[in-house]
Amino acid sequence: MKKSHALAFAVLALGMGAALAHGDGEHAAPRRFDATKVEPTAFGQEGNPKKVTKTITVDMTDAMRFTPPDVTVKRGETVKFVVHNDGKVLHEMVLGTKETIKEHAELMKKFPEMVHADANMAHVKPGRAGEILWQFTKPGEFQFACLQPGHFEAGMVGKVIVK
């Protein structure tokens, strides 16, 4: 679990202060890449915007689907995901392993007011677009999902295949 998630859970568990809702779409100031703060994960790491080698557009709809539902990238590529919300409700795209996505979805059920904004996620208001810059450092199959209440359960999940 990332340090930012652990801190959010600790604050919630202790009942310290009110938190903004996870789905409010105003999580944080725009991300600025800082190589000294990049944290490797089982599915890659935050990408350097100067090293983007591929751009992939992903559309999200209120039918609880991503288009395309699956993407293929090469190991080592830094990908810029441009994520469009074509719906009328807030959606998000969160990258992770099958296990981390499932774990995050379960935690969102328990802590729906959790505040966090990590490099592997984009929260996108209706009619808007967001971005994720990600470097895929390991081969395998990974997921992306919308973890807004009920969306993951409705099948709003996609796959990233890293060759």
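Select strand 5 (residues 78-85) and strand 8 (residues 129-135): these two pair in the antiparallel sense over seven bridges. The model on screen is predicted. Strands of a sheet pair through backbone hydrogen bonds, either parallel or antiparallel.

Now pick V83. Which residue in strand 8 is its bridge partner? The partner of V83 is G130.

Next, widen the selection to the sheet around this pair. Its five strands run in the order 1-8-5-2-3, and this open sheet has mixed pairing. Look at the two edges: strand 1 (45-46) and strand 3 (65-67) each pair on one side only.

Then turn to another sheet. Select strands 4, 10, 9, 6 and 7, which form an open sheet in the order 4-10-9-6-7 with mixed pairing. Why is one side of strand 4 (70-73) and of strand 7 (121-124) left without a neighbour in the sheet? Both stand at the edges and each has a single partner strand, so there is no neighbour on one side. Across this sheet, neighbouring strands are turned against each other by 20° on average, direction ignored.

Stay at one edge and select strand 4 together with strand 10 (residues 157-162). They pair in the parallel sense over four bridges. Within this pair, highlight T72; opposite T72, in strand 10, stands I161.

The last stop is a helix. Select helix 2 (residues 98-110), then add strand 6 (91-96), strand 7 and strand 9 (140-145): helix 2 lies across these three strands. Compare the directions of helix 2 and strand 6; the helix runs at about 135° to that strand.

Conventions:
Residues are numbered from 1 along each chain as its sequence is written. This is a predicted model: local features need pLDDT of at least 70, side-chain atom pairs count only at pLDDT 80 or more; totals for chains, interfaces and linings use all residues. Side-chain values use heavy atoms; hydrogens and water are left out. Two strands pair if DSSP finds at least two bridges between them. Axes are lines fitted to C-alpha atoms, for helices over the stretch in contact, and angles run from 0 to 180 degrees between N-to-C directions. Contact means heavy atoms within 4.5 Å.
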